[in-house]
Amino acid sequence: MMGHNIHDEVPMTTPELITKHGYIGETHHIWTEDGYRLELHRVLRKAEGKNSNKISTEGSREKLTELLKSATDSNDSQASILSEALNLQVTEDSNPKVKPPILINHGLLSSSADWVLLGPQKALAYVLCDCGFDVWLANVRGNTYSQCHKKYTTKDREFWDFSWHEIGVYDIPAMIDYVLEKTNQPSLHYIGYSQGTTTFYVMCSERPEYNDKVKAMVTMAPIAFLSNQRSPLIKFIVRFYILMEWGSAYCNIHQWFPRNKLQAKALGTLIRNTPGQLTKSFYSCWFYLVAGFGSNQLDKSMLPLIFGHFPGGSSAKQIIHYSQVILTDSFRKFDYGTSKNLKLYGSTQPPKYCLERVKVPVAVFYSENDFLTHPEDVKRLVENLPNVALKHKIEYSKFNHIDYLWGCDAKTLLYDHVIDFIKKYN
(Lines give C-alpha, C1' and ligand atoms only; values in the text may rest on other atoms or scores of the structure.)
Protein backbone atom coordinates (compact mmCIF):
# COMPACT_ATOMS: atom_id res chain seq x y z
CA MET A 1 0.00 0.00 0.00
CA MET A 2 2.77 2.43 0.90
CA GLY A 3 4.93 1.56 -2.11
CA HIS A 4 3.47 4.40 -4.19
CA ASN A 5 2.83 8.11 -3.72
CA ILE A 6 -0.26 8.12 -1.55
CA HIS A 7 -0.98 11.76 -2.41
CA ASP A 8 -1.85 10.69 -5.97
CA GLU A 9 -4.89 8.88 -4.63
CA VAL A 10 -6.29 11.82 -2.66
CA PRO A 11 -8.47 13.22 -5.50
CA MET A 12 -9.39 9.82 -6.97
CA THR A 13 -12.93 8.46 -6.98
CA THR A 14 -13.72 5.02 -5.59
CA PRO A 15 -13.88 3.39 -9.08
CA GLU A 16 -10.54 5.01 -9.95
CA LEU A 17 -8.99 3.62 -6.76
CA ILE A 18 -10.36 0.15 -7.48
CA THR A 19 -8.80 0.19 -10.94
CA LYS A 20 -5.51 1.56 -9.63
CA HIS A 21 -5.37 -1.24 -7.07
CA GLY A 22 -5.61 -3.86 -9.82
CA TYR A 23 -9.28 -4.84 -9.52
CA ILE A 24 -12.18 -4.33 -11.89
CA GLY A 25 -14.61 -1.63 -10.80
CA GLU A 26 -18.13 -1.02 -12.05
CA THR A 27 -20.41 1.98 -11.48
CA HIS A 28 -24.17 1.42 -11.28
CA HIS A 29 -26.98 3.95 -10.84
CA ILE A 30 -30.37 3.22 -9.36
CA TRP A 31 -33.43 5.32 -8.53
CA THR A 32 -35.34 5.22 -5.26
CA GLU A 33 -39.11 5.38 -4.97
CA ASP A 34 -38.88 9.01 -3.83
CA GLY A 35 -36.66 10.19 -6.69
CA TYR A 36 -33.03 9.99 -5.55
CA ARG A 37 -30.34 8.55 -7.79
CA LEU A 38 -27.88 6.37 -5.87
CA GLU A 39 -24.48 5.25 -7.08
CA LEU A 40 -23.28 1.71 -6.36
CA HIS A 41 -19.69 0.60 -6.87
CA ARG A 42 -19.00 -3.03 -7.67
CA VAL A 43 -15.64 -4.72 -7.05
CA LEU A 44 -14.81 -7.67 -9.26
CA ARG A 45 -11.89 -10.07 -9.21
CA LYS A 46 -8.42 -8.81 -10.05
CA ALA A 47 -7.85 -8.09 -13.70
CA GLU A 48 -4.96 -10.58 -13.77
CA GLY A 49 -7.46 -13.27 -12.75
CA LYS A 50 -8.42 -13.45 -16.42
CA ASN A 51 -4.89 -14.51 -17.23
CA SER A 52 -5.05 -17.15 -14.51
CA ASN A 53 -8.19 -18.59 -16.08
CA LYS A 54 -6.58 -18.51 -19.48
CA ILE A 55 -3.58 -20.44 -18.21
CA SER A 56 -5.90 -22.95 -16.56
CA THR A 57 -7.88 -23.39 -19.76
CA GLU A 58 -4.72 -23.67 -21.83
CA GLY A 59 -3.49 -26.34 -19.44
CA SER A 60 -6.67 -28.33 -19.96
CA ARG A 61 -6.28 -28.00 -23.72
CA GLU A 62 -2.77 -29.42 -23.45
CA LYS A 63 -4.18 -32.32 -21.43
CA LEU A 64 -6.84 -32.77 -24.10
CA THR A 65 -4.15 -32.95 -26.80
CA GLU A 66 -2.23 -35.54 -24.80
CA LEU A 67 -5.38 -37.64 -24.35
CA LEU A 68 -6.20 -37.51 -28.03
CA LYS A 69 -2.63 -38.47 -28.93
CA SER A 70 -2.71 -41.38 -26.52
CA ALA A 71 -5.70 -42.79 -28.40
CA THR A 72 -3.33 -43.82 -31.17
CA ASP A 73 -0.48 -44.86 -28.87
CA SER A 74 -2.27 -47.22 -26.51
CA ASN A 75 -4.84 -49.93 -26.34
CA ASP A 76 -7.32 -47.73 -24.45
CA SER A 77 -10.72 -47.29 -25.95
CA GLN A 78 -10.72 -44.17 -28.11
CA ALA A 79 -14.29 -43.44 -27.08
CA SER A 80 -13.35 -43.57 -23.41
CA ILE A 81 -10.44 -41.21 -23.89
CA LEU A 82 -12.46 -38.72 -25.92
CA SER A 83 -15.20 -38.85 -23.28
CA GLU A 84 -12.69 -37.98 -20.56
CA ALA A 85 -11.36 -35.15 -22.69
CA LEU A 86 -14.83 -33.78 -23.31
CA ASN A 87 -15.70 -33.89 -19.61
CA LEU A 88 -12.47 -32.06 -18.79
CA GLN A 89 -13.24 -29.33 -21.32
CA VAL A 90 -16.78 -28.89 -20.01
CA THR A 91 -15.48 -28.63 -16.45
CA GLU A 92 -13.03 -25.90 -17.42
CA ASP A 93 -15.13 -23.83 -19.80
CA SER A 94 -18.76 -23.87 -18.68
CA ASN A 95 -20.99 -22.60 -15.89
CA PRO A 96 -18.54 -21.02 -13.43
CA LYS A 97 -19.51 -20.99 -9.77
CA VAL A 98 -21.88 -18.17 -8.84
CA LYS A 99 -20.31 -15.68 -6.44
CA PRO A 100 -22.54 -14.76 -3.48
CA PRO A 101 -23.46 -11.05 -3.63
CA ILE A 102 -22.68 -8.92 -0.62
CA LEU A 103 -23.73 -5.30 -0.01
CA ILE A 104 -21.57 -3.11 2.25
CA ASN A 105 -23.01 0.12 3.63
CA HIS A 106 -20.92 2.98 5.04
CA GLY A 107 -21.36 5.23 8.05
CA LEU A 108 -22.41 8.84 8.53
CA LEU A 109 -20.43 11.40 6.49
CA SER A 110 -18.79 8.57 4.56
CA SER A 111 -18.85 6.82 1.19
CA SER A 112 -17.86 3.66 -0.63
CA ALA A 113 -14.23 4.84 -0.52
CA ASP A 114 -14.00 3.70 3.11
CA TRP A 115 -13.81 0.09 2.01
CA VAL A 116 -10.91 0.41 -0.47
CA LEU A 117 -8.51 2.99 1.01
CA LEU A 118 -6.39 0.41 2.85
CA GLY A 119 -5.54 -1.20 -0.47
CA PRO A 120 -5.23 -4.84 -1.60
CA GLN A 121 -5.12 -7.62 1.02
CA LYS A 122 -6.14 -5.12 3.72
CA ALA A 123 -9.30 -3.24 2.70
CA LEU A 124 -12.56 -5.08 3.37
CA ALA A 125 -13.82 -4.83 -0.22
CA TYR A 126 -10.72 -6.55 -1.58
CA VAL A 127 -10.53 -9.14 1.18
CA LEU A 128 -14.12 -10.19 0.43
CA CYS A 129 -13.52 -10.13 -3.32
CA ASP A 130 -10.46 -12.35 -2.95
CA CYS A 131 -12.58 -14.78 -0.91
CA GLY A 132 -14.99 -15.22 -3.82
CA PHE A 133 -17.76 -12.73 -3.02
CA ASP A 134 -19.49 -10.41 -5.48
CA VAL A 135 -18.89 -7.12 -3.65
CA TRP A 136 -21.20 -4.10 -3.95
CA LEU A 137 -20.41 -0.83 -2.15
CA ALA A 138 -23.30 1.45 -1.21
CA ASN A 139 -23.49 5.23 -1.44
CA VAL A 140 -26.61 6.58 0.27
CA ARG A 141 -28.43 9.77 -0.63
CA GLY A 142 -26.60 12.98 0.07
CA ASN A 143 -23.05 11.71 0.01
CA THR A 144 -20.55 12.77 -2.64
CA TYR A 145 -21.66 10.06 -5.11
CA SER A 146 -25.43 10.28 -4.63
CA GLN A 147 -26.44 13.90 -5.05
CA CYS A 148 -28.93 13.67 -7.89
CA HIS A 149 -32.73 13.88 -7.72
CA LYS A 150 -35.42 13.74 -10.41
CA LYS A 151 -36.94 17.04 -9.27
CA TYR A 152 -34.54 18.88 -6.93
CA THR A 153 -30.91 19.98 -6.95
CA THR A 154 -28.56 20.06 -3.96
CA LYS A 155 -29.31 23.78 -3.67
CA ASP A 156 -32.93 23.04 -2.83
CA ARG A 157 -34.09 22.65 0.75
CA GLU A 158 -36.30 19.77 -0.32
CA PHE A 159 -33.34 17.70 -1.52
CA TRP A 160 -31.89 17.58 2.01
CA ASP A 161 -35.19 16.88 3.76
CA PHE A 162 -34.20 13.38 4.88
CA SER A 163 -32.58 11.62 7.81
CA TRP A 164 -31.28 8.07 8.09
CA HIS A 165 -34.94 7.02 8.35
CA GLU A 166 -35.46 7.62 4.61
CA ILE A 167 -32.18 5.85 3.85
CA GLY A 168 -33.52 2.77 5.61
CA VAL A 169 -36.99 2.95 4.06
CA TYR A 170 -35.97 3.78 0.47
CA ASP A 171 -32.23 3.53 -0.24
CA ILE A 172 -31.31 0.11 1.14
CA PRO A 173 -34.38 -1.66 -0.31
CA ALA A 174 -33.66 -0.11 -3.72
CA MET A 175 -30.03 -1.25 -3.58
CA ILE A 176 -30.95 -4.76 -2.45
CA ASP A 177 -33.51 -5.15 -5.25
CA TYR A 178 -31.04 -3.88 -7.84
CA VAL A 179 -28.18 -6.16 -6.75
CA LEU A 180 -30.44 -9.22 -6.66
CA GLU A 181 -31.81 -8.43 -10.11
CA LYS A 182 -28.32 -7.93 -11.57
CA THR A 183 -26.91 -11.08 -10.00
CA ASN A 184 -30.06 -13.17 -10.50
CA GLN A 185 -29.93 -14.26 -6.87
CA PRO A 186 -32.81 -14.59 -4.36
CA SER A 187 -30.89 -13.09 -1.43
CA LEU A 188 -27.61 -11.45 -0.42
CA HIS A 189 -25.38 -10.78 2.55
CA TYR A 190 -25.36 -7.32 4.15
CA ILE A 191 -22.55 -5.64 6.07
CA GLY A 192 -23.32 -2.39 7.84
CA TYR A 193 -20.98 -0.10 9.70
CA SER A 194 -22.18 2.55 12.17
CA GLN A 195 -25.03 4.38 10.37
CA GLY A 196 -25.09 1.45 7.95
CA THR A 197 -26.37 -0.65 10.85
CA THR A 198 -28.91 1.95 11.96
CA THR A 199 -30.47 2.11 8.52
CA PHE A 200 -30.69 -1.68 8.25
CA TYR A 201 -32.64 -1.86 11.51
CA VAL A 202 -34.94 0.88 10.20
CA MET A 203 -35.52 -1.06 6.97
CA CYS A 204 -36.44 -4.27 8.76
CA SER A 205 -38.72 -2.38 11.13
CA GLU A 206 -40.55 -0.46 8.43
CA ARG A 207 -40.31 -2.96 5.55
CA PRO A 208 -39.97 -6.38 7.21
CA GLU A 209 -40.52 -8.21 3.91
CA TYR A 210 -36.85 -7.47 3.14
CA ASN A 211 -35.78 -9.96 5.80
CA ASP A 212 -36.40 -12.65 3.18
CA LYS A 213 -33.88 -11.04 0.82
CA VAL A 214 -30.96 -11.06 3.26
CA LYS A 215 -29.13 -14.28 4.17
CA ALA A 216 -27.25 -12.76 7.10
CA MET A 217 -26.39 -9.33 8.42
CA VAL A 218 -23.04 -8.24 9.86
CA THR A 219 -23.27 -5.24 12.15
CA MET A 220 -19.97 -3.49 12.84
CA ALA A 221 -19.92 -0.76 15.50
CA PRO A 222 -23.73 -0.93 15.77
CA ILE A 223 -25.73 2.20 16.43
CA ALA A 224 -29.32 2.11 17.65
CA PHE A 225 -29.01 3.29 21.25
CA LEU A 226 -26.53 6.09 22.04
CA SER A 227 -27.23 7.24 25.58
CA ASN A 228 -23.82 6.06 26.81
CA GLN A 229 -21.70 7.39 23.94
CA ARG A 230 -18.46 8.97 25.22
CA SER A 231 -17.28 11.21 22.39
CA PRO A 232 -16.42 14.70 23.72
CA LEU A 233 -17.09 16.17 20.28
CA ILE A 234 -20.53 14.56 19.97
CA LYS A 235 -21.43 15.61 23.51
CA PHE A 236 -20.50 19.17 22.58
CA ILE A 237 -22.55 19.09 19.37
CA VAL A 238 -25.63 17.64 21.06
CA ARG A 239 -25.68 20.58 23.46
CA PHE A 240 -26.42 22.78 20.46
CA TYR A 241 -29.27 20.58 19.25
CA ILE A 242 -31.76 23.46 19.22
CA LEU A 243 -29.27 25.63 17.34
CA MET A 244 -28.85 22.90 14.70
CA GLU A 245 -32.61 22.71 14.21
CA TRP A 246 -32.82 26.49 13.97
CA GLY A 247 -29.99 26.65 11.46
CA SER A 248 -31.61 23.99 9.32
CA ALA A 249 -35.05 25.59 9.44
CA TYR A 250 -34.20 29.28 9.11
CA CYS A 251 -30.65 29.63 7.78
CA ASN A 252 -30.89 27.13 4.90
CA ILE A 253 -28.10 25.00 6.38
CA HIS A 254 -29.19 21.57 5.20
CA GLN A 255 -25.95 19.92 4.12
CA TRP A 256 -22.99 19.12 6.37
CA PHE A 257 -19.39 18.48 5.34
CA PRO A 258 -19.72 18.20 1.55
CA ARG A 259 -16.81 16.92 -0.54
CA ASN A 260 -15.80 17.49 -4.14
CA LYS A 261 -12.71 16.96 -6.29
CA LEU A 262 -11.56 20.59 -6.05
CA GLN A 263 -11.75 20.43 -2.27
CA ALA A 264 -9.79 17.17 -2.23
CA LYS A 265 -7.03 18.59 -4.44
CA ALA A 266 -6.78 21.72 -2.31
CA LEU A 267 -6.58 19.60 0.82
CA GLY A 268 -3.85 17.48 -0.73
CA THR A 269 -1.82 20.60 -1.55
CA LEU A 270 -2.29 21.95 1.97
CA ILE A 271 -1.20 18.68 3.54
CA ARG A 272 1.93 18.42 1.36
CA ASN A 273 3.00 21.92 2.37
CA THR A 274 2.27 21.68 6.07
CA PRO A 275 4.81 20.32 8.55
CA GLY A 276 4.15 16.58 8.89
CA GLN A 277 3.93 16.42 12.65
CA LEU A 278 1.52 19.36 12.82
CA THR A 279 -0.72 17.82 10.17
CA LYS A 280 -0.77 14.40 11.80
CA SER A 281 -1.47 15.84 15.23
CA PHE A 282 -4.40 17.94 13.98
CA TYR A 283 -6.13 15.20 12.02
CA SER A 284 -5.45 12.51 14.63
CA CYS A 285 -6.98 14.67 17.34
CA TRP A 286 -10.06 15.33 15.19
CA PHE A 287 -10.60 11.60 14.69
CA TYR A 288 -9.87 10.52 18.24
CA LEU A 289 -12.31 13.03 19.70
CA VAL A 290 -15.06 11.15 17.87
CA ALA A 291 -13.73 7.60 17.74
CA GLY A 292 -11.74 6.96 20.92
CA PHE A 293 -8.22 7.64 22.18
CA GLY A 294 -5.29 5.29 22.63
CA SER A 295 -5.47 3.07 19.55
CA ASN A 296 -2.31 2.34 17.59
CA GLN A 297 -4.20 1.02 14.56
CA LEU A 298 -4.25 4.13 12.35
CA ASP A 299 -1.25 4.55 10.06
CA LYS A 300 -0.69 8.31 10.28
CA SER A 301 0.76 8.40 6.76
CA MET A 302 -2.75 7.49 5.51
CA LEU A 303 -4.33 10.65 6.92
CA PRO A 304 -3.97 12.72 3.73
CA LEU A 305 -5.66 9.94 1.77
CA ILE A 306 -8.43 9.47 4.30
CA PHE A 307 -9.22 13.17 4.46
CA GLY A 308 -9.21 13.31 0.69
CA HIS A 309 -12.33 11.12 0.82
CA PHE A 310 -13.78 11.84 4.25
CA PRO A 311 -16.10 13.50 5.12
CA GLY A 312 -18.34 12.69 2.19
CA GLY A 313 -21.32 14.85 3.11
CA SER A 314 -24.70 14.32 4.76
CA SER A 315 -27.90 16.15 5.55
CA ALA A 316 -28.13 18.17 8.75
CA LYS A 317 -31.28 16.19 9.51
CA GLN A 318 -29.28 12.95 9.86
CA ILE A 319 -27.18 14.50 12.61
CA ILE A 320 -30.20 16.10 14.26
CA HIS A 321 -31.95 12.71 14.29
CA TYR A 322 -28.98 11.08 16.04
CA SER A 323 -29.00 13.94 18.54
CA GLN A 324 -32.63 13.15 19.30
CA VAL A 325 -31.72 9.50 19.90
CA ILE A 326 -29.06 10.56 22.40
CA LEU A 327 -31.26 13.07 24.21
CA THR A 328 -34.31 10.80 24.46
CA ASP A 329 -32.43 7.54 25.13
CA SER A 330 -34.71 5.89 22.58
CA PHE A 331 -34.40 4.41 19.07
CA ARG A 332 -37.33 6.10 17.40
CA LYS A 333 -38.48 8.08 14.38
CA PHE A 334 -37.71 11.75 13.79
CA ASP A 335 -39.34 14.17 16.23
CA TYR A 336 -41.01 17.01 14.32
CA GLY A 337 -42.74 18.53 17.31
CA THR A 338 -46.19 17.87 18.76
CA SER A 339 -48.40 19.17 15.95
CA LYS A 340 -46.52 17.64 13.03
CA ASN A 341 -46.02 14.39 14.93
CA LEU A 342 -49.80 14.14 15.32
CA LYS A 343 -50.24 14.55 11.57
CA LEU A 344 -47.51 12.09 10.59
CA TYR A 345 -47.67 9.50 13.35
CA GLY A 346 -51.04 9.97 15.01
CA SER A 347 -49.34 10.65 18.35
CA THR A 348 -47.51 13.51 20.01
CA GLN A 349 -44.34 11.42 20.35
CA PRO A 350 -42.52 9.63 17.50
CA PRO A 351 -43.03 5.84 17.49
CA LYS A 352 -40.13 3.54 18.31
CA TYR A 353 -38.59 1.30 15.68
CA CYS A 354 -39.48 -2.38 16.06
CA LEU A 355 -36.17 -4.18 16.45
CA GLU A 356 -38.01 -7.46 16.96
CA ARG A 357 -38.78 -7.39 13.22
CA VAL A 358 -35.09 -7.90 12.37
CA LYS A 359 -35.47 -11.61 11.71
CA VAL A 360 -32.26 -12.30 9.75
CA PRO A 361 -29.26 -13.87 11.53
CA VAL A 362 -27.15 -11.02 12.89
CA ALA A 363 -23.49 -10.92 13.89
CA VAL A 364 -22.58 -8.06 16.23
CA PHE A 365 -18.98 -6.85 16.28
CA TYR A 366 -18.10 -4.22 18.87
CA SER A 367 -15.12 -2.90 20.83
CA GLU A 368 -14.58 -1.50 24.30
CA ASN A 369 -12.78 1.66 23.22
CA ASP A 370 -15.34 2.78 20.63
CA PHE A 371 -16.58 6.13 21.96
CA LEU A 372 -19.82 5.92 19.93
CA THR A 373 -20.89 2.34 20.68
CA HIS A 374 -20.66 1.76 24.39
CA PRO A 375 -20.79 -1.92 25.47
CA GLU A 376 -23.93 -1.19 27.53
CA ASP A 377 -25.71 0.22 24.47
CA VAL A 378 -24.57 -2.79 22.44
CA LYS A 379 -25.93 -5.10 25.15
CA ARG A 380 -29.26 -3.32 25.03
CA LEU A 381 -29.39 -3.69 21.26
CA VAL A 382 -28.56 -7.39 21.40
CA GLU A 383 -31.31 -7.95 23.96
CA ASN A 384 -33.82 -6.35 21.57
CA LEU A 385 -32.76 -8.21 18.42
CA PRO A 386 -34.50 -11.61 18.09
CA ASN A 387 -31.87 -13.48 16.07
CA VAL A 388 -28.33 -12.58 17.18
CA ALA A 389 -26.21 -15.47 15.94
CA LEU A 390 -22.89 -14.02 17.09
CA LYS A 391 -21.75 -11.36 19.52
CA HIS A 392 -18.03 -10.74 19.16
CA LYS A 393 -15.92 -8.29 21.12
CA ILE A 394 -12.79 -7.32 19.22
CA GLU A 395 -9.76 -8.59 21.10
CA TYR A 396 -7.65 -5.43 20.92
CA SER A 397 -8.92 -3.35 23.86
CA LYS A 398 -8.07 0.02 22.26
CA PHE A 399 -9.84 -0.69 18.95
CA ASN A 400 -11.93 2.42 18.23
CA HIS A 401 -14.68 3.55 15.85
CA ILE A 402 -12.47 4.31 12.84
CA ASP A 403 -10.32 1.20 13.23
CA TYR A 404 -13.19 -0.79 11.68
CA LEU A 405 -12.36 1.02 8.43
CA TRP A 406 -8.67 1.82 8.48
CA GLY A 407 -7.06 -0.17 11.29
CA CYS A 408 -3.77 -1.70 10.14
CA ASP A 409 -4.75 -5.01 11.79
CA ALA A 410 -8.45 -4.82 10.88
CA LYS A 411 -8.16 -7.91 8.69
CA THR A 412 -6.96 -10.23 11.44
CA LEU A 413 -8.86 -8.57 14.29
CA LEU A 414 -12.17 -8.19 12.45
CA TYR A 415 -12.51 -9.05 8.75
CA ASP A 416 -11.42 -12.68 9.04
CA HIS A 417 -14.10 -13.22 11.71
CA VAL A 418 -16.69 -11.47 9.51
CA ILE A 419 -15.89 -13.81 6.63
CA ASP A 420 -16.07 -16.89 8.86
CA PHE A 421 -19.56 -15.83 9.94
CA ILE A 422 -20.81 -15.06 6.43
CA LYS A 423 -19.61 -18.38 5.04
CA LYS A 424 -21.89 -20.19 7.45
CA TYR A 425 -24.89 -18.70 5.63
CA ASN A 426 -23.85 -19.20 2.00
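This is a short tour of one chain, with a list of things to select in the viewer.

**The whole chain**

Start with everything shown. The model is predicted. Colour it by secondary structure: the chain has 16 helices and 11 strands. Of its 426 residues, 52% count as buried. Switch on the surface next. The chain exposes about 19000 Å², and carbon and sulfur atoms supply 52% of that area. Among contacts with a separation of 6 or more, 77% join residues 24 or more positions apart.

**Helix α5 and helix α6**

Select residues 164–183, which form helix α5, and residues 195–206, which form helix α6. Two packed helices are described by the angle between their axes and the distance between those axes. For α5 and α6 the angle is about 80 degrees and the axes are 8 Å apart. That angle makes α5 roughly perpendicular to α6.

Now show side chains. On the α5 side, the residues in contact include Trp164, Ile167, Val169, Ile172 and Ile176. On the α6 side, they include Thr198, Phe200, Val202, Met203 and Glu206. Sorted by class, this contact has 9 nonpolar, 5 polar and 1 charged residues.

**Helix α5 and helix α12**

Keep α5 and add residues 316–328, helix α12. The two axes come within 8 Å and cross at roughly 110 degrees, so α5 is roughly perpendicular to α12. Which residues make the contact? From α5 they are Trp164, His165 and Ile167; from α12 they are Gln318, His321, Tyr322 and Val325. By class, there are 4 nonpolar, 3 polar and no charged residues in the contact of α5 with α12. Trp164, His165 and Ile167 also take part in the contact of α5 with α6.

**Ala216**

Select residues 214–220, strand β7, and pick out Ala216 within this strand. Is Ala216 buried or exposed? Ala216 counts as buried because its relative accessibility is 1%, and the cut-off for buried is under 20%.

Next, select Phe421. In sequence, Ala216 and Phe421 are 205 residues apart; in space, their C-alpha atoms are 8.8 Å apart. Phe421 is one of the residues in contact with Ala216 once neighbours within four places in sequence are left aside. The others are Leu188, His189, Tyr190, Pro361 and Tyr425.

**Cys129**

For the last stop, select Cys129 and Cys131. A disulfide needs two cysteine sulfur atoms within 2.5 Å, and by this rule the count is 0 disulfides. The cysteine sulfur nearest to that of Cys129 belongs to Cys131, 9.4 Å away. Cys129 is buried, with a relative accessible area of 4%.

Definitions and conventions: Residues numbered from 1 in each chain as written. Predicted model: local features only at pLDDT ≥ 70, side-chain atom pairs only at ≥ 80, totals over all residues. Heavy atoms only, no water. Buried < 20%, exposed > 50% of the residue type's maximum accessible area, 1.4 Å probe, protein only. Axes fitted to C-alpha atoms, helices over the stretch in contact; angles between N-to-C directions. Helix = DSSP H or I, 4+ residues; strand = E, 2+ residues; numbered from the N terminus. Parallel < 35°, antiparallel > 145°, perpendicular 65-115°, else oblique. Contact = heavy atoms within 4.5 Å. Nonpolar A, V, L, I, M, F, W, Y, C, P; charged D, E, K, R; others polar. Areas by Shrake-Rupley, 256 points an atom, 1.4 Å probe, with all protein chains shown as cover.
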